[in-house]
Amino acid sequence: MIRGVLLVIFLALTGGSFAQSVVTWQVKDNDRVPVLGATVLLESGEVLITDIDGKVRKTTAASEIGFQISFVGFKPVQNAFEIDGDTTLVILLEPDEVVMDAVEIRGNQPRQQLQESGTGYITFSMEGESGLPYLLGEQDPLKFIQSQSGVASGTDGNNGYYVRGGGIDQNAIELDHIELYNTNHLFGFFSTFNPKAIDQVSFMKSGFPASIGGRLSSMMRIETINPDVNAFHGHVKVGVLAGGVSLEVPVIKQKSSLLVAARRSYLDLITQNLMDDESEMSRRTDYRFSDLIVKYNHRINPHHTISLVGFMGTDDYLFRSERTFENHIYWKTLNGAVNWKWMANANLDGEVYATVGHYEQRYGAGLSIYQIDLDSYIANARAGANAFLTKGAHQLTFGGEYSYRSFRPSQVHIESTQEEFNLSEVSWLPTAELALSVDDEITLTEQLRIGLGLRLSSFVHLGPFTRYETTENLVSVDSTHFSHGEWVQYYVNPEPRVRVNYLMNQNSALKASYDRNVQYIHLSPLGSVSLPTDIWIPSSQGIRPQKAHQVALGYYSLLPSQIKYSVEGYYKLLQNQIEYRNGAIAGYSGSKNFDDDFIFGKGKSYGIEFSVTRDVGQVEYQASYTLSKTERSFKEVQGGETFRAKYDRTHDLNLIGTYHLGNWSFSGLFKLSSGNNLTVPVAKYVINESIVSEYSDRNAFRLPMYHRLDIAASWHPRGNEQVIWVFSVYNVYNRRNPYFMYFNVKGDVAAYELDISLKEVALFPVLPSLSFEYSF
């Protein structure tokens, strides 16, 4: 491998519509971290300085350009190349060598990668990861995360995922600091993130710095691209189910620009406009989804950048049966954010951000003359700041974050042709959460680095609120009212963090971590998949915060053949895990207190994860396998006996491969995992002409093994790099993985003749797709 600099050139031809070309340099260190303040000296004598993202651009009509890039502590890079359309150069700087008599200090890229990476941490670029698998023509970052070790997917098409035994709600997902509560399109088959608007994705499941918190299991941070400030760019995509467009528009040259990225499905346009009004498809189904990302980025000067971000995602589904049944599902998220990144000097920089938004979901069902609707809503606002200080061997991070959320957990409304009534009162639950953090990454020796962090989090349930005193039968006997802004309940929790990284030799490292995490908002699903009937609720007097202690230990190695492999084990203890009581109905309570419908228990999860990756060259691949066990116990369930969690996966195997051949790229994804756990009837009796079921122990029945193969091929026509065709097949061998199971009962109860059979329902058969993309 050539040492010194790795130069990757992406050409985006403009089709001859512009006389000038835009040359973009992105400068990164050998850990692929953007370098702020690097100097780009052109042959003409012009000097350019890279911004916070390590980028700088130059518009030129020249056919050739020469440059030299320099930055303190790194070897200078000098090069020249012919310009043939808009060009992006990603340049990796190598640490400089210092020779003093007989002492030689050398920078070593694999060595620094091993020393600086933490346990359970993944980061990738959507632009750089051409090997990401396609799913119905989309490169979805959430689907890629589902293929990592320690991460188990839910069911077919579900974007929800379970990390090291935690629930769906224990994973935080943020887009430019915007907190998101639902990231699904098409019931989870797609995510709400337009791939063309995404720059970097980072995912963390252990070894958390103190500035990250609020969830027990993982954090995914998605950063949108900074649009080009010098030239107009666009991208159009048309697929089987949806189409999209993204535009980068300069506003003030070399200063500010606008990104607009939108997608919309057109299944509803086909069924409602192109089909006969009396056709079965037109009468029975109406579905659409859409999402929109708008970003305005302004570079005030080389040390200050501010951006405004807007995000919206919606899903609207209506199904009508042949008879009298109707089902309507709708959810929408709408958010805005402002982010300010600043740099005081080479050793001190930071960010300040604020977000505001809301999330709403509705579920409606109609049967004959009855209509039932369940609605819930979350309004939220958040502000925070982080400062990063390098002082000698210390890399310090100081952070603070405040979140205000107001929940309306649910409202159930029923009406018929005769009357109309509500099963639950409409009540808002205002809350406030504050966290302060300090973290220090200390380089003790060339081989040993430790991280020490402390996060102090607090949570307050605010009035107005009325607490009802109830009997064991949930009959109200007294009440206490809290006025607006009055503290109903508060919690304060310290969350210490420890990370240790020991570089054993040039190519291997041993890493360990301890995390204590606290979570104040909760999702208690009624099923094994995330549906609109799942309700977000805050901590309260009756609902204590969830807590987790996790230790992780891993061995990581880099081989000369550019193969990376790791083995990591973990053990996690969980407290205050939440479930609905047996027989509870989402949105309806026999008590006037919203938190009387839940039970609380504890859990544990432990396992070992294996991963092998090669992400360069003609052949790229990744293999990950997880062997794990996840258990829960509630004193109200089976007398407190331990049982398997519904998202326990004993085995989870993922294989991803990509082969580049000329202007073709071929990729495949294979998944194999243990099935979901269910509680099912084990016997049925006829008593007084009624069927009575006897159920198994909690989650004692496991669905069959899940497995599936997806393949894709992408093709760039020769001489036309702006165009790409993507052919993909989901579930190649048509595996009918069960989505859920039910018992089919036939016969005559009066005659005591029953035929009971177990039926499986699968969602998606083999699904081929074709998509077309054009960049300009």
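Two strands are taken as paired when DSSP finds at least two bridges between them. With that in hand, the predicted model can be read strand by strand, and a good place to start is the hairpin of E38 and E39, which has five residues between its two strands. In the turn of this hairpin, Gln562 has a positive phi of about 65 degrees. Strand E38 covers residues 546-558 and strand E39 covers residues 564-580; the two run antiparallel and are joined by twelve bridges. Within this pairing, Ser557 stands opposite Tyr565 of E39. Strand E38 also pairs with strand E35 (residues 508-519), again antiparallel and through twelve bridges. Here Arg516 is the residue that faces His549 in E38.

Another hairpin is found towards the start of the numbering. Strands E3 and E4 are separated by four residues, and Gly45 in the turn has a positive phi of about 100 degrees. Three bridges hold E3 against E4 (residues 47-49) in an antiparallel arrangement, with Ile49 of E4 as the bridge partner of Thr39. Strand E3 is also joined to strand E6 (residues 64-70), by four bridges and likewise antiparallel; in this pairing Leu42 lies opposite Phe67. In a regular strand, side chains alternate between the two faces of the sheet. Strand E3 (residues 39-42) shows this nicely: Val40 and Leu42 point to one face and are buried, whereas Thr39 and Leu41 point to the other face and are not buried.

A five-stranded open sheet comes next. Its strand order is E11-E18-E19-E14-E15, and the pairing is mixed. Strand E11 (121-125) and strand E15 (178-179) each have a single partner strand, so they form the edges and one side of each has no neighbour in the sheet. The partner of E11 is strand E18 (residues 198-204), to which E11 is connected by five antiparallel bridges. One of the residue pairs here is Ser125 with Gln200 of E18.

The loop between E18 and strand E19 (218-224) holds Ser217. Is this residue buried or exposed? Its relative accessibility is 0%, so Ser217 counts as buried. Beyond its neighbours within four places in sequence, Ser217 is in contact with Val163, Gly166, Gln170, Asn171, Met204, Lys205, Phe208 and Lys572. With Lys572 there is also a polar contact from side chain to side chain, at 3.5 Å.

Charged pairs offer a further view of the fold. Side chains of opposite charge can pair when their charged atoms come close. Across the whole structure, 23 salt bridges are found. One of them belongs to the open sheet: Glu174 pairs with Arg221, with 3.4 Å between the closest N and O atoms. This pair links distant parts of the chain, since Glu174 sits in strand E14 (residues 171-175) and Arg221 in strand E19, 47 residues apart. The two partners differ in their cover, for Glu174 has a relative accessible area of 6% and is buried, while Arg221, at 23%, counts as partly exposed.

A salt bridge also joins Arg362 and Glu360, with an N to O distance of 3.1 Å. Arg362 is partly exposed at 35% relative accessibility, and Glu360 is buried at 14%. Arg499 and Asp439 form a further salt bridge, their closest N and O atoms lying 2.8 Å apart. This is another link between distant parts of the chain, from Arg499 in strand E34 (residues 487-505) to Asp439 in strand E30 (residues 429-443), 60 residues apart. Both Arg499 and Asp439 are buried. Elsewhere, salt bridges with shared partners connect Arg164, Lys205, Glu568 and Glu609 into one network. Lys205 of this network is also among the contacts of Ser217.

Finally, the surface carries a nonpolar patch of about 460 Å², made by Val612, Val619, Tyr621, Tyr659, Leu661 and Phe666. Strand E41 (619-633) and strand E43 (651-661) are the elements that give two or more residues to this patch. Leu661 belongs to strand E43. With a relative accessibility of 43%, Leu661 lies between the limits of 20% and 50% and therefore counts as partly exposed.

Conventions. Residues are numbered from 1 along each chain as its sequence is written. This is a predicted model: local features need pLDDT of at least 70, side-chain atom pairs count only at pLDDT 80 or more; totals for chains, interfaces and linings use all residues. Side-chain values use heavy atoms; hydrogens and water are left out. Patches are made of residues with over 30% relative accessible area and no salt bridge: like charges are joined within 9 Å, nonpolar side chains (Val, Leu, Ile, Met, Phe, Trp, Tyr) within 5 Å. Accessible areas come from the Shrake-Rupley method with a 1.4 Å probe; for residues, only the protein chains shown count as cover. A salt bridge is a side-chain nitrogen of Lys or Arg within 4 Å of a carboxyl oxygen of Asp or Glu. Buried means under 20% relative accessible area, exposed over 50%, partly exposed in between (1.4 Å probe, protein chains only). A polar contact is a pair of N or O atoms within 3.5 Å; within protein, one must be able to donate a hydrogen and the other to accept it, and residues adjacent in sequence count only if both atoms are side-chain atoms. Contact means heavy atoms within 4.5 Å.
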